[in-house]
Amino acid sequence: MKIIDFFHGNGVGENMKHVVITGSTRGIGYGLAREFLLAGCRVTINGQSQESVERALQSLRKINPDTVEGYAARAYNRDELEQLWILCRKTF
């Protein structure tokens, strides 16, 4: 349970303002996005398809609709990753 202690035991939400998580529309990445939102952080999620990003956003926005955004991009594609970064800077 080390990860739970990390998120809830040391004020992550107070110190960290924004986190970008690639591969966060399902599995471990989705779980991390959820925990960061619960800890009070602004979160940008990422997946390879717009459909997967929208599906994850729909669920995560139930936690806090104003602190989560998403962008479909392939993390290995430099141009797409740059667009993800631009979105993050503009949004948060």
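Let's begin at the surface: the protein exposes about 6000 Å², and carbon and sulfur atoms supply 50% of that area. Keep in mind as you rotate the view that this is a predicted model. Turning from the outside to the inside, buried residues make up 34% of the 92 residues in the protein. The contacts also reach along the chain: among those with a separation of 6 or more, 59% are between residues 24 or more positions apart.

Now for the overall layout. The secondary structure comes to 5 helices and 3 strands, and reading along the sequence gives the pattern α-α-β-α-β-α-β-α. The strands form an open sheet with the order β1-β2-β3 and parallel pairing. Its edge strands are β1 (18–21) and β3, each of which pairs on one side only. Direction ignored, neighbouring strands of this sheet are turned by 15° against each other on average.

Two helices are worth finding against this sheet. Helix α4 packs on the sheet, where it touches β2 and β3, and its direction makes about 170° with that of β3. Helix α5 (residues 78–91) packs on the sheet as well, touching β1, β2 and β3, with its direction at about 160° to that of β3.

Let's walk through the sheet, starting from β1. This strand and β2 pair in the parallel sense over 4 bridges, and you can find His18 standing opposite Arg42 in β2. Together, β1, α3 and β2 make a right-handed β-α-β unit.

The helix in that unit, α3 (residues 27–38), has 12 residues and reaches 17 Å from its first C-alpha to its last, close to the 16 Å expected at 1.5 Å a residue. Within α3, the buried residues are Gly29, Tyr30, Ala33, Glu35, Phe36 and Leu37. A general point helps when looking at such a list: an α-helix has 3.6 residues a turn, so residues three or four places apart point the same way. After α3 comes Gly40, whose phi is positive, near 95°.

Before moving on, pause at the loop between β1 and α3, where Thr25 lies. Why does Thr25 count as buried? The relative accessible area of Thr25 is 16%, and buried means under 20%, so Thr25 falls within the cut-off. Leaving aside neighbours within four places in sequence, Thr25 is in contact with Tyr30, Asn46, Gly47, Ser52, Val53 and Ala56.

Next comes β2. Here 5 of the 6 residues are buried, so β2 is largely enclosed by the rest of the structure. Strand β2 (residues 42–47) pairs with β3 in the parallel sense over 5 bridges. To get from β2 to β3, the chain passes through helix α4 (residues 50–60), and this β-α-β crossover is right-handed.

Which residues of β3 are the bridge partners of Val43 and Thr44? Val43 has Val68 as its partner, while Thr44 has Glu69.

Those two partners lead us to a final feature of β3 (residues 68–72), whose side chains alternate. Val68, Gly70 and Ala72 point to one face and are buried, whereas Glu69 and Tyr71 point to the other face and are not buried.

Methods
Residues numbered from 1 in each chain as written. Predicted model: local features only at pLDDT ≥ 70, side-chain atom pairs only at ≥ 80, totals over all residues. Heavy atoms only, no water. Buried < 20%, exposed > 50% of the residue type's maximum accessible area, 1.4 Å probe, protein only. Pairing = 2+ DSSP bridges. Right-handed = clockwise from strand over helix to strand, strands pointing away. Contact = heavy atoms within 4.5 Å. Areas by Shrake-Rupley, 256 points an atom, 1.4 Å probe, with all protein chains shown as cover. Expected span 1.5 Å × (residues − 1). Axes fitted to C-alpha atoms, helices over the stretch in contact; angles between N-to-C directions.
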